[in-house]
Amino acid sequence: MIKLESEQQFEELKQDHTVFEFTAGWCPDCRVIETDLPKLEEKYTDFKFVSVDRDEFIDLAIENDIMGIPSFLVYKQGELVGSYIGKERKSIEQIDEFLNQYS
């Protein structure tokens, strides 16, 4: 998984087939799914997976209506094609089902 380093990098990565995971080090729900995310990366090789620290990139979170974490955005060629945003805990199976719609 790529760690987002700048807002410019976010803009560049949006041009590909990219999944952005908004997360934070203090988020317990994020830690629950963290160990299984590599399995999804192996399954969905057509995606680039990018971790976005919500606290470090709070402006991006606000611009994208990220109110709860973990949350996911899927971009293809600069267009937002899917979002899985919410405050509820997400299972790896739910994330898999979400990503399957866009692969």
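Where is Phe57 found? The points below start there and then widen out to the rest of this predicted model.

1. Phe57 sits in the loop between E3 and H4. Despite that loop position, Phe57 counts as buried, because its relative accessibility is 7%, and the cut-off for buried is under 20%. Setting aside neighbours within four places in sequence, Phe57 is in contact with Leu4, Glu5, Ser6, Glu7 and Val52. Its C-alpha lies 9.1 Å from that of Phe22, with the two positions 35 residues apart in sequence numbering.

2. Val52 makes a good next stop. Beyond its neighbours within four places in sequence, Val52 is in contact with Leu4, Phe20, Glu21, Phe22, Thr23 and Phe57. Leu4 also appears among the contacts of Phe57.

3. Now for the nonpolar cores. The largest has 17 residues, and those touching the most other members are Leu4, Phe10, Phe20, Phe22, Val52 and Ile69. Two or more residues each come from helix H1 (7–13), strand E2 (17–23), strand E3 (48–53), helix H4 (58–63) and strand E4 (71–76). Another core, of 15 residues, lies apart from it and includes Val19, Leu37, Ile92 and Ile95. As background, nonpolar side chains in soluble globular proteins tend to be buried together.

4. Lys90 deserves a look of its own. This lysine lies in the loop between strand E5 (79–84) and helix H5 (92–100), and counts as buried because its relative accessibility is 1%. Its side chain reaches the backbone oxygen of Pro70 at 2.6 Å, while the backbone oxygen of Glu88 is 3.3 Å from a polar atom of that side chain. Not counting residues up to four places away in sequence, Lys90 touches Ile33, Pro70, Ser71, Phe72, Tyr84, Ile85 and Ile95. Of these, Ile95 is one of the residues in the core of 15.

5. On the overall fold, the chain has five helices and five strands, arranged along the sequence as β-α-β-α-α-β-α-β-β-α. Among contacts between residues at least 6 apart in sequence, 68% join residues at least 24 apart.

6. For size, the radius of gyration is 12 Å, which agrees with the value near 13 Å for a compact globule of 103 residues. The C-alpha trace spans about 30 × 30 × 20 Å along its principal axes. Of the 103 residues, 47% count as buried. The accessible surface comes to about 5600 Å², and 47% of that belongs to carbon and sulfur atoms.

7. Finally, confidence: pLDDT averages 95 over the chain, and 100% of the residues score at least 70. Among the elements, E3 has the highest mean pLDDT (98) and helix H2 (residues 28–34) the lowest (93).

Definitions and conventions: Residues are numbered from 1 along each chain as its sequence is written. This is a predicted model: local features need pLDDT of at least 70, side-chain atom pairs count only at pLDDT 80 or more; totals for chains, interfaces and linings use all residues. Side-chain values use heavy atoms; hydrogens and water are left out. Helices (H or I, at least four residues) and strands (E, at least two) are DSSP runs, numbered from the N terminus. Buried means under 20% relative accessible area, exposed over 50%, partly exposed in between (1.4 Å probe, protein chains only). A polar contact is a pair of N or O atoms within 3.5 Å; within protein, one must be able to donate a hydrogen and the other to accept it, and residues adjacent in sequence count only if both atoms are side-chain atoms. Contact means heavy atoms within 4.5 Å. A nonpolar core is a set of buried Ala, Val, Leu, Ile, Met, Phe, Trp, Tyr and Cys residues joined through side-chain atoms within 4.5 Å. pLDDT is the predictor's confidence in each residue, from 0 to 100. The radius of gyration is taken over C-alpha atoms; the globule rule is 2.2 Å times the number of residues to the power 0.38. Accessible areas come from the Shrake-Rupley method with a 1.4 Å probe; for residues, only the protein chains shown count as cover.
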